[in-house]
Amino acid sequence: MNIEFNEDQIDALKEFMNVSIGAATANLANLLGAFATMHIPRIDICDSDKLIPKVNATIDLTSMYYVTKQLFTGKFGGECMFVMSEGSAQNLGKHLYDIENCTDDDVNDAVIELTNILTSTIVSRLTQELDTGVQFFVPSSQFVDAHSIININDVTHYSKIIIISTILEFKDQQINSSIYILTKDEAIESLKMLIDKKIEEIYG
Amino acid sequence: MKILIVDDSKLARMGVVKSLKEVEPNAELFHAENGLEAVEIFRQENPRVVFLDLTMPVMDGFEALKQIIAIDKDAQVIVISADIQDEAKQRVLLAGAKNMYPKPINEEKMLQIFQQDLLI
Amino acid sequence: MELQCQDILLDSLENGHMIVDDKFIVSFWNRWLSINTQISKEEIIGRSLEEIYPDLNYKVLGRKIKTALALGTPSFYDTNSSTKFISINRNKVTTSSLTFMQQQVTISPYIVSENKVMISIYDISELYETKLSLKKEIEKVNKLNDKLESDQEIIDKNIMMMKTSLNGVIIDVSTLFCEFFEYKKEDIIGQNASIFKSGNVAEATYKELWETIKSKKPWSGEVKNKTASGGAKWVQSRITPILDENGALFEFHAVYHDITNEKLLEELYITDSLTKLYNRAYFDKVIGSIAKHQRKADTDFVLAITDVDHFKSINDTYGHQVGDEALISVANTLKNSLRENDIIARWGGEEFVIMLKNVTLDEAKMIIEKVRKSVENSKVNNTISVTASFGLTKYNLGEDTHRTFKRVDDALYEAKKSGRNRIVVK
């Protein structure tokens, strides 16, 4: 299986992601009344065992995290993972529920809501750019320590993965989080085909 | 007519090129991959129209816009960005851009730009 | 095929489905909902959810509806939460962990132009119950692990332990072990356990140790080990062979107990303070034990007794101090000219007793003759010559040691009487 991406393909994927993230940011402002900055996404195509070190490099290993995972299927299928520190999640809960002391349920629900807006927008926009459809599944959220975000045994079933990651910041609310779009093996191939088609269309 | 297209993504620049094909088929096109390159080309070539992206490495679109307007206060800059928040739009209009459009751009929108925003 | 009766379709689904708009006005309520909430279609359609369920957080619901409409994709409630949407009683009797139905609630865009969404409720109580009980089990395991960890820490700090591979290479040691032998853990791991040999333990002991543990049996014994700074420590050690699942030898685990102080006391108790030879009490104990047990390996010995000639006149002429020095000199001569496993003790006054192991009477006589000459040739304070007389006898199997002593005393008496500085064998 050839999963190497050439320069044009990477450039295209990055551009689609920029557009998607731009749309996501606008939706957050619109729906949650929160003004966010999102960074230019990083795209890594790597062996699946690199995922854990890559995630660990961006977090504080002594903190607890809210981790929300949402699956999406279609020609381009995969998993969105959203990682937010306990402190940020509590700030988000306060902001969305508009109360000083949120219950764990409130915080969890707020994280799910934010994740859903982000992943839905990013993935919908991305698949729209790629002229394909997508179906979303119910997101599930966990509150775990930094070492339990991903179980090493679970990831190693895949040979190659694409990690598209970006950081979301709400400066006013002191909320920070990392978003990972993970896709594997066959989905990578079909993503490449979709990108090629799009490049052909624009360059052609 | 000289037109400068500024975007760090080749695909995004090609998108603009494609949408210009019918609308302005005889334009002489210049490409820049970041704000710094854009300012230099603008200084040398004095293009009639600039299509400018906002998030770019080295120098971003906001800064490039400021410098281009400083060189020529009547420069016709159209911002094409993935950042579609109102806040960004207010900023670029205040800095002297003629208008701002969300990415990606197509032929229909390009026609609208030439008809409504630009003085050609 | 175009569906004619959507109402019937939604009524036949085994999930809850309602259609509401952004003002929460209900325009559809399926059969499942009617049955589970006890609120009929007729009662609720056309009215706002707020009237029926005033306790819901409508700010949150409103936002979720807005989100679904704006994005064109579903929005969700947290499936782990128990308090977010309309509560439905659960009638399960056999367990009490969930009194209300655990729900998965999805808000999907329905007719966007009319701001209408479909809210679907799925019963995930069974799944959630499993999740809860799993969580409880995991907590139990974690608690046990914590306990185990703290126990291990206590062991590490309070017990001397060493793990070695089958060829004696050290794999792990406890903190107390390192402190006791003055090593850093990283310095001894990978070394051979023989670095602790002090040289004071008979090779036979080590041989016995290895043979025992190689045959998969535990070994216990006292050994004197060397510390990093060159000191020596006595330890009671117990080495247990560890077997793998197939019953083959895998590792050795040793536990040690410091007996250095006990050993020092014991040595003090059996040593003659002047000559540093064994004292009479110890010799009595050894010979008594041999006579009692009659082991073949032990009973083959020759008993020798020696008395310094004219000791009284040395004392009288040169004083007690020189007399003591003469005794020390003779004791050292004896120690230096006999074998390590021969037992020498001060018998009292100027008398010494020797047990020569595994020799014939003739061989013993040759050995003692050499000793006699050594005594004759040595000089106390480089000036005073001393001699000694010797009596020798062989221990007879099964014999009462009084008889042996009687014979050897007679022999010594004869040696004295017949001119001193000589050996008599009986």
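**Exercise 1. Classify both ends of a salt bridge in chain C.**

Task: Decide whether K426(C) is buried, partly exposed or exposed, then place its salt-bridge partner in the chain.

Solution.
- Step 1. K426(C) has a relative accessible area of 40%, so it is partly exposed. This value, like the others here, comes from a predicted model.
- Step 2. The partner is E414(C), and the closest N and O atoms are 2.9 Å apart.
- Step 3. K426(C) sits in the segment after strand 17 (423-425) of chain C, while E414(C) sits in helix 16 (residues 401-417); the pair therefore ties together parts that are 12 residues apart in sequence.
- Step 4. E414(C) has a relative accessible area of 36%, so this residue is partly exposed too.

**Exercise 2. Examine a salt bridge inside one helix.**

Task: Find the element that holds both R372(C) and E369(C), and give their spacing.

Solution.
- Step 1. The two residues form a salt bridge, with the closest N and O atoms 2.8 Å apart.
- Step 2. Both lie in helix 15 (residues 361-377) of chain C. They are 3 residues apart, about one turn of the helix.
- Step 3. Now check accessibility against the cut-off: buried means under 20%. R372(C) has a relative accessible area of 10%, so it is buried.
- Step 4. E369(C) is at 27% relative accessibility, so it counts as partly exposed.

**Exercise 3. Trace a salt-bridge network across two chains.**

Task: Work out which residues are linked with K103(B) in a network of salt bridges.

Solution.
- Step 1. Begin within chain B. D7(B) forms a salt bridge with K103(B), the closest N and O atoms being 2.9 Å apart.
- Step 2. Locate the two ends. D7(B) is in the loop between strand 1 (2-6) and helix 1 (10-23) of chain B. K103(B) is in the loop between strand 5 (99-102) and helix 5 (107-117) of chain B. The pair links distant parts of the chain, 96 residues apart.
- Step 3. Check burial. D7(B) has a relative accessible area of 4%, so it is buried. K103(B) is at 7% relative accessibility, so it counts as buried as well.
- Step 4. Cross to chain A. E15(A) forms a salt bridge with K103(B), and the closest N and O atoms are 2.5 Å apart.
- Step 5. Assemble the network: E15(A), D7(B), D53(B) and K103(B) are linked by salt bridges.
- Step 6. Set this against the whole structure, where a search finds 40 salt bridges over all chains.

**Exercise 4. Describe the interface between chains A and B.**

Task: State how many residues of each chain take part, then say what the chain A side is made of.

Solution.
- Step 1. Count residues. Chain A brings 21 residues into contact with 15 residues of chain B.
- Step 2. Take the area. The two chains bury about 1500 Å² between them, with 60% of it on carbon and sulfur atoms.
- Step 3. Find the main contributors in chain A. E15(A), I202(A) and Y203(A) lose the most area to chain B, together 35% of what that side buries.
- Step 4. Count the polar links. Between chain A and chain B there are 2 salt bridges and 6 residue pairs in polar contact.
- Step 5. Map the elements. Helix 1 (7-32), helix 4 (104-129) and helix 6 (185-203) of chain A each supply at least two residues of the side that touches chain B. The largest share, 12 residues, comes from helix 1 of chain A.
- Step 6. Sort by type. The chain A side divides into 12 nonpolar, 3 polar and 6 charged residues.

**Exercise 5. Compare the chain pairs.**

Task: Identify which pair of chains has the most contacts.

Solution.
- Step 1. Rule out a pair. Chain B and chain C do not touch, and their nearest C-alpha atoms are 15 Å apart.
- Step 2. Of the 2 pairs that touch, chains A and C have the most contacts.

**Exercise 6. Account for two cysteines.**

Task: Establish how many disulfides the structure holds, then check C46(A) and C80(A).

Solution.
- Step 1. Over all chains, the count is 0 disulfides.
- Step 2. For C46(A), the nearest cysteine sulfur is that of C80(A), 16 Å away. A disulfide needs the sulfur atoms within 2.5 Å, so this pair does not qualify.
- Step 3. C46(A) has a relative accessible area of 9%, so it is buried. C80(A) has 1%, so it is buried too.

Note on methods. Residues numbered from 1 in each chain as written. Chains lettered and ligands numbered in written order. Predicted model: local features only at pLDDT ≥ 70, side-chain atom pairs only at ≥ 80, totals over all residues. Heavy atoms only, no water. Contact = heavy atoms within 4.5 Å. Buried < 20%, exposed > 50% of the residue type's maximum accessible area, 1.4 Å probe, protein only. Buried area = accessible area lost by both parts, 1.4 Å probe. Salt bridge = Lys/Arg side-chain N within 4 Å of Asp/Glu carboxyl O. Polar contact = N/O pair within 3.5 Å; in protein donor to acceptor, adjacent residues only side chain to side chain. Helix = DSSP H or I, 4+ residues; strand = E, 2+ residues; numbered from the N terminus. Nonpolar A, V, L, I, M, F, W, Y, C, P; charged D, E, K, R; others polar.
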